[in-house]
Amino acid sequence: MAPLVPEILSNEFNLVIAFIVGIGFGYALEQGGFSSTRKLVGLFYGYDFTVLKVFFTAGITAMTGVILFGHLGWLDLSVIYVNPMFVWPALIGGGIMGVGFILGGFCPGTSICAAAVGRIDAVAFVVGSVIGIFIFTEFYPVFEPIMNMGALGNLTLSEAFSMPSEIVGILIIIIAFVAFYFTSKIEDRVSGKDRTPAKETQMKYAVVGAIPVLVMFLVLITPNKKEAVMAEVEQNSRIELASSQLMDIDKMAFELMNRAHLYNVIDVRDTASYKAGSIPSAVHIPFDQMYERRFRSMYRQPYKTNVFIGDDLDQVRDAVELARELGDEDPEMLVASVVEFRNKVFNPVKPTGDVNKQRLDEYRFHVDAKRNLEKMEERLKNMSKPVVREKVTIQGGC
Amino acid sequence: MKPKPYMNPYLAGIFLGFVLLTTIYITGRGLGASGGVKSAVLFGVEQVAPEHYNTVEYYAKYQKSNPGSPLNSWLFYEIIGVAVGAFLSGIISNRVDLKLEKGPGITNKTRIGFAIAGGLLFGLGSQIGRGCTSGAALSGMAVQSVGGIVTMMAIFGSAYMVAFFFRRLWIR
């Protein structure tokens with residue numbers, strides 16, 4: 001599951017990626033005509049809307065891809081960078097940038113492209129932008145008061161309008177298509193030439209344009225990867241587990257006393273219950289967070305057997321199935337609640353009266369288990385807690 | 001040799017969209033431009049006036065959140081790539097040429113002056129608005145960010161509002 005940085009590719013290698021995608025970015029901009037200042041500004045005087053067409057097509061393509069990848073479970077949308085919304089800085093900064101666009105005829109990215117193909121005016125623009133940024137960093141205290149005005153966080157359109165992001169996407173696509181149509185008409189009128197594409201080309205545009213709408217629509221009506229996995233889990237958890245995958249209290253206590261290194265005990269209860277007391281050595285992954293990417297490597301690790309524990313046995317059964325869906329090959333579960341385990345192991349009751357040897361052996365085992373596991377619990381308390389990977393947040397923007 | 005015509009805008013857009021999508025898939029973040037220029041500015045300040053760089057509020061804050069050389073930033077490497085990519089594209093399509101492009105009614109001097117002024121405003125605005133047309137508008141649209149889209153509307157809205165007053169720069 002992506003993004004590949006920082007879990008699969010290192011932050012250092014990320015800089016190499018930056019250079020490579022930069023080449024693609026620069027190439028695409030130059031091929032699209034963004035290195036020509038007259039073409040860029042044509043947008044504002046009605047003679048050339050190339051920039052708008054390239055820009056919106058690129059936005060729609062990437063947006064459709066992001067939504068599709070998220071739906072298929074290829075990309076974790078909860079960690080990707082969403083530009084934060086600060087109302088006043090966006091309006092004031094955007095307003096200043098707009099004036100800069102008309103005066104200078106470029107924006108920062110396009111000026112770099114144009115400078116690279118030898119446009120002297122673009123070099124002047126880059127020099128100007130260096131000065132502008134220098135003014136900002138040098139006189140930061142002057143701008144600071146407005147920088148955080150109207151903070152709304154990393155808001156997305158779908159949250160702002162409480163609409164599914166696929167619907168928002170379809171609306172953006174429709175707006176873009178209407179804009180493409182009318183700007184072409186304006187271009188024709190300003191230039192005095194009729195450049196309506198041939199019927200065949202129009203058909204091609206219609207077919208290509210229908211693809212993102214269709215993708216958004218399919219994403220909207222089909223269950224996403226997580227929903228599909230959960231449905232599968234619900235179905236499979238009705239099947240009886242093989243007895244080799246079940247552990248009763250005594251077996252669990254025995255294994256922990258003698259072969260604790262072979263097991264990885266995972267408590268799927270909520271945080272309060274976990275804190276109140278669990279089984280020694282247990283790590284904590286609440287059931288509703290089990291799907292999160294940061295825990296996946298734990299299910300897949302090949303050296304230890306994961307034993308799931310909890311109080312609600314149906315939920316523990318689901319946890320076993322979910323772990324299996326996420327790559328665990330031999331999950332096991334404790335067939336008693338954590339509370340029952342603690343009661344039985346930590347409070348052994350001496351059998352009284354006329355008892356047979358087996359009951360007495362059981363009692364001795366429990367006393368032994370209590371001593372050992374209490375020691376173990378005490379020891380682990382003093383050790384550093386198991387390393388649980390933090391949720392990564394990615395920084396972006398300019 | 002004559003420069004080749006530009007790519008079909010929709011095709012170029014799809015290509016650019018895939019570049020952006022790949023970037024988000026690999027790194028979890030979008031593209032940008034002004035941030036890379038900022039890294040260069042910070043590097044310049046660090047080299048020319050190291051003491052100033054260590055004491056003045058903005059630079060000190062930046063160092064705290066981004067330890068190491070200011071050039072060691074994702075966007076700086078990206079804009080170097082942008083320049084290389086654009087140059088390659090220019091070579092392939094015969095568009096590399098040392099020249100100045102301007103509207104028909106102004107002198108070269110005027111064009112250079114306004115280009116510097118425009119760059120200055122764009123640079124300043126991009127820092128206030130936390131991103132330019134690439135970092136805020138384009139990448140913001142890909143993830144449906146309200147911040148990115150409002151910034152985009154502010155940029156284009158303001159440009160349309162003032163376009164009339166500066167029409168002599170670009171059209172007859």
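## The second largest pocket

About 1300 Å³ of space lies in the second largest pocket. Lining it are 41 residues, and those closest to its centre are A:Thr57, A:Phe180, A:Tyr205, B:Asn8 and B:Tyr10. Keep in mind as you browse that this is a predicted model.

Which elements supply at least two residues each to the lining of the second largest pocket? From chain A they are α3, α9 (165–191) and α10 (199–221), and from chain B α1 (9–27). The largest share, ten residues, comes from α10(A). Sorted by class, the lining of the second largest pocket holds 22 nonpolar, eleven polar and eight charged residues.

## The largest pocket

The largest pocket has a volume of about 1500 Å³. It is lined by 40 residues, with A:Gln395, A:Gly396, B:Arg29, B:Tyr62 and B:Asn66 lying nearest its centre. Two or more lining residues come from each of α1 and α7 (140–147) of chain A, and likewise from α2 (34–48), α4 (57–65), α5 (74–92) and α6 (108–128) of chain B.

If you are thinking about chemistry, the lining of the largest pocket has 17 nonpolar, 18 polar and five charged residues.

## Enclosed cavities

Now to the closed spaces. The structure holds three cavities of 30 Å³ or more, and the largest has a volume of about 140 Å³. Of the 15 residues that line this largest cavity, A:Phe34, A:Phe55, A:Cys107, A:Thr110 and B:Thr133 lie nearest its centre. At least two lining residues apiece are supplied by α1 (11–32), α3 (50–71) and α5 (108–116) of chain A and by α7 (133–142) of chain B. Helix α7(B) gives the largest share, three residues. The class count for the lining of the largest cavity is eleven nonpolar, four polar and no charged residues.

The second largest cavity holds about 100 Å³ of space and is lined by 15 residues, with A:Pro84, B:Gly129, B:Arg130, B:Gly147 and B:Thr151 nearest its centre. The elements giving two or more residues to its lining are β1 (85–86) and α4 (87–104) of chain A, together with α8 (146–163) of chain B. The largest share, three residues, belongs to α8(B). By class, the lining of the second largest cavity splits into eight nonpolar, six polar and one charged.

## A buried strand in chain A

Strand β4 (residues 263–267) of chain A is largely enclosed by the rest of the structure, because five of its five residues are buried. In a regular strand, side chains alternate between the two faces of the sheet. Here both faces of β4(A) are covered: A:Tyr263, A:Val265 and A:Asp267 are buried on one side, and A:Asn264 and A:Ile266 on the other.

What does β4(A) pair with over five bridges? The partner is strand β6 (residues 305–309) of chain A, in the parallel sense, and A:Val265 stands opposite A:Val307 in β6(A). Strand β5 (residues 283–284) of chain A also runs parallel to β4(A), joined to it by two bridges, and here A:Ile266 stands opposite A:Val283. With helix α13 (residues 271–276) of chain A, β4(A) and β5(A) make a right-handed β-α-β unit.

## Chain B as a whole

Chain B has eight helices and zero strands. Its C-alpha atoms fill a box of roughly 50 × 40 × 35 Å along the principal axes. Of the 172 residues of chain B, 54% count as buried.

Contacts tell a bit more about the fold. Among contacts in chain B between residues at least 6 apart in sequence, 58% join residues at least 24 apart.

Definitions and conventions:
Residues numbered from 1 in each chain as written. Chains lettered and ligands numbered in written order. Predicted model: local features only at pLDDT ≥ 70, side-chain atom pairs only at ≥ 80, totals over all residues. Heavy atoms only, no water. Buried < 20%, exposed > 50% of the residue type's maximum accessible area, 1.4 Å probe, protein only. Helix = DSSP H or I, 4+ residues; strand = E, 2+ residues; numbered from the N terminus. Pairing = 2+ DSSP bridges. Right-handed = clockwise from strand over helix to strand, strands pointing away. 1 Å grid on protein atoms, 1.4 Å probe; cavity = no way out; pocket = protein on both sides within 12 Å on 5 of 7 lines; lining within 4 Å. Points joined across faces, edges and corners; volume = space filled by probe spheres on them. Nonpolar A, V, L, I, M, F, W, Y, C, P; charged D, E, K, R; others polar. Contact = heavy atoms within 4.5 Å.
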